[in-house]
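Please open the structure in a viewer and keep the selection panel at hand. The stops below proceed from enclosed spaces to open pockets, then to a sheet and a single residue.

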Amino acid sequence: MNDNRYMALALSLGRRGQGNTWPNPAVGCVIVNDGRIVGRGWTAPTGRPHAEPQALAQAGDAARGATAYVTLEPCSHQGQTPPCAQALIDAGLARVIVALQDSDDRVSGRGLEMLSAAGITVETGVLYNEALRDHQGFLSRVEQGRPMLTLKLAASFDGRIATATGESQWITQAPARRVVHAMRSRHDAVMIGGGTARADDPSLTVREMGVKRQPARVVVSRRLDIPLNSKLGQTAHEVPLILCHGADAPQALIEAWQGMGAVLLSCAVRGGQMDMADVMQRLGGYGLTRIFSEGGSAVAASLLQADLVDHLVGFSAGVVIGAEGLPGIGAMGLSRLAAAPRFDLVKTQVVGPDILHHWVRNHD
């Protein structure tokens, strides 16, 4: 069916914006007139311009009487840009096919109503499930106040992420690490714990991918005990750095990091540990919609305990480290298997000499 074909193209265009458009959704739009694609667009980096006006600009006069395929309901409110629904009306579209209704209270059906009231034929639900997956981060922030979260672990065959001495570079090989960089680029932010920041001194940037907008770096550290001369500190003015800390973090360190260009978010502490549910709410309030967590083991355990992991991505290597190695997930205090978080497998893939397995949250 052509509607499915053109919506699939619109979805593929929208994915080009993933990781670049927050706090706005990464939308795709295709305009078709008499069986010919006359306009294509996707949300630009930083979220503007939106997909629809870009596709309309490309289509020009050919938009009159055409059909627009949009992956998310066109906005109906005046923000920093005019409403996309009005732009479609003014261009003289005959049909607008929408994959998914926007749950943002500022839109939520109003865009569709505007189009219908103008005499445009409106249809919804084409490739609904695919659009729901692509816009999961945006919808999670709107509906739950928190970003979508992907937890990534790279481990040995026996589930260890480092030797007893802390050596971890490299358990997986170069092809897997390149895939990780591609995954980072499709998320708004990369998140680690303070322990990982101290042990590895990472930069957490995307390399060799030609990205237009680097993902923000998020470090969860109650006391902000991260070296100021670390790679993260040295690049805080160049690539966004967000530090989530407790109320008891030293004021001198808060001011020092702010002076280096970092954003400081004070978050709740529960049982002596950072409350990851509150951390995620604060990050959602900051505008993030998609977070890629790369550990360490304590952060991973806290996220799983709080039921905050939407996607679980594992890279397994053909190396065995043994019980004295560092486990990928910290203590979770489980005594019954029935209480353990469950995920559904969606994909396995051979990546060089390693194996990638992707799981999603089990809703049963």
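The tour begins inside the protein, at the largest cavity, whose volume is about 80 Å³. The model is a predicted one. Select Thr-21, Pro-25, Ala-26, Thr-289 and Arg-290, which lie nearest the centre of this cavity among its 13 lining residues. By class, that lining comprises four nonpolar, six polar and three charged residues.

The structure holds two cavities of 30 Å³ or more. For the second largest, with about 40 Å³ of space, select Leu-11, Gly-14, Arg-15, Gln-18, Ala-26, Gly-28, Thr-71, Asp-134 and His-135, which line it. Helix 1 (residues 2-15) is the main contributor to this lining, giving three residues. Two of the lining residues are nonpolar, five are polar and two are charged.

**The open pockets**

Next, select Ile-192, Thr-196, Asp-200, Glu-294 and Gly-295: of the 50 residues that line the largest pocket, these lie nearest its centre. The volume of the largest pocket is about 1,300 Å³. Elements that give two or more residues to its lining include strand 8 (189-193), helix 8 (194-200) and helix 12 (297-305). The lining divides into 20 nonpolar, 16 polar and 14 charged residues.

Move on to the second largest pocket, which holds about 680 Å³ of space. Select Arg-133, Gln-136, Arg-290, His-311 and His-358, the closest to its centre of the 25 residues that line it. Among the elements that give two or more residues to this lining are helix 5 (128-134), strand 14 (290-293), strand 15 and strand 18. The lining has eight nonpolar, nine polar and eight charged residues. Arg-290 is also one of the residues nearest the centre of the largest cavity.

**The nine-stranded sheet**

Now display the strands as a cartoon. Nine of them form an open sheet of mixed pairing, in the order 11-10-9-8-14-6-15-18-17. Strand 11 (263-266) and strand 17 are the edge strands, each pairing on one side only. On average, neighbouring strands of this sheet are turned by 20° against each other, direction ignored.

Within the sheet, select strand 8 and strand 14, which run parallel and are joined by three bridges. Val-190 stands opposite Phe-292 in strand 14.

Then select strand 15 (residues 311-316). Why is strand 15 largely enclosed by the rest of the structure? The reason is that five of its six residues are buried. On one pairing, strand 15 runs parallel to strand 6 (residues 148-155), with six bridges between them; here Thr-150 stands opposite His-311. Strand 15 also pairs with strand 18 (residues 354-361), in the antiparallel sense and over six bridges. Select Leu-312 to find it opposite Trp-359 in strand 18.

**A buried glycine**

The last stop is Gly-41, located in strand 2 (residues 36-42). Is Gly-41 buried or exposed? Its relative accessible area is 2%, so Gly-41 is buried, the cut-off for that term being under 20%.

Which residues is Gly-41 in contact with, leaving aside its neighbours within four places in sequence? Select Leu-13, Val-27, Gly-28, Cys-29, Ala-51, Gln-54 and Ala-55 to display them. Finally, set a distance between the C-alpha atoms of Gly-41 and Gly-14: they are separated by 8.1 Å, although the two residues are 27 residues apart along the chain. Gly-14 and the contact residue Gly-28 both belong to the lining of the second largest cavity.

Note on methods: Residues are numbered from 1 along each chain as its sequence is written. This is a predicted model: local features need pLDDT of at least 70, side-chain atom pairs count only at pLDDT 80 or more; totals for chains, interfaces and linings use all residues. Side-chain values use heavy atoms; hydrogens and water are left out. Helices (H or I, at least four residues) and strands (E, at least two) are DSSP runs, numbered from the N terminus. Buried means under 20% relative accessible area, exposed over 50%, partly exposed in between (1.4 Å probe, protein chains only). Contact means heavy atoms within 4.5 Å. Two strands pair if DSSP finds at least two bridges between them. On a 1 Å grid over the protein atoms alone, a cavity is a set of points where a 1.4 Å probe fits but cannot get out, and a pocket is an open set with protein on both sides within 12 Å along at least five of seven lines; lining residues have an atom within 4 Å of a point. Grid points are joined across faces, edges and corners, and a volume is the space filled by probe spheres set on the points. Ala, Val, Leu, Ile, Met, Phe, Trp, Tyr, Cys and Pro count as nonpolar, Asp, Glu, Lys and Arg as charged, and the others, Gly among them, as polar. Axes are lines fitted to C-alpha atoms, for helices over the stretch in contact, and angles run from 0 to 180 degrees between N-to-C directions.
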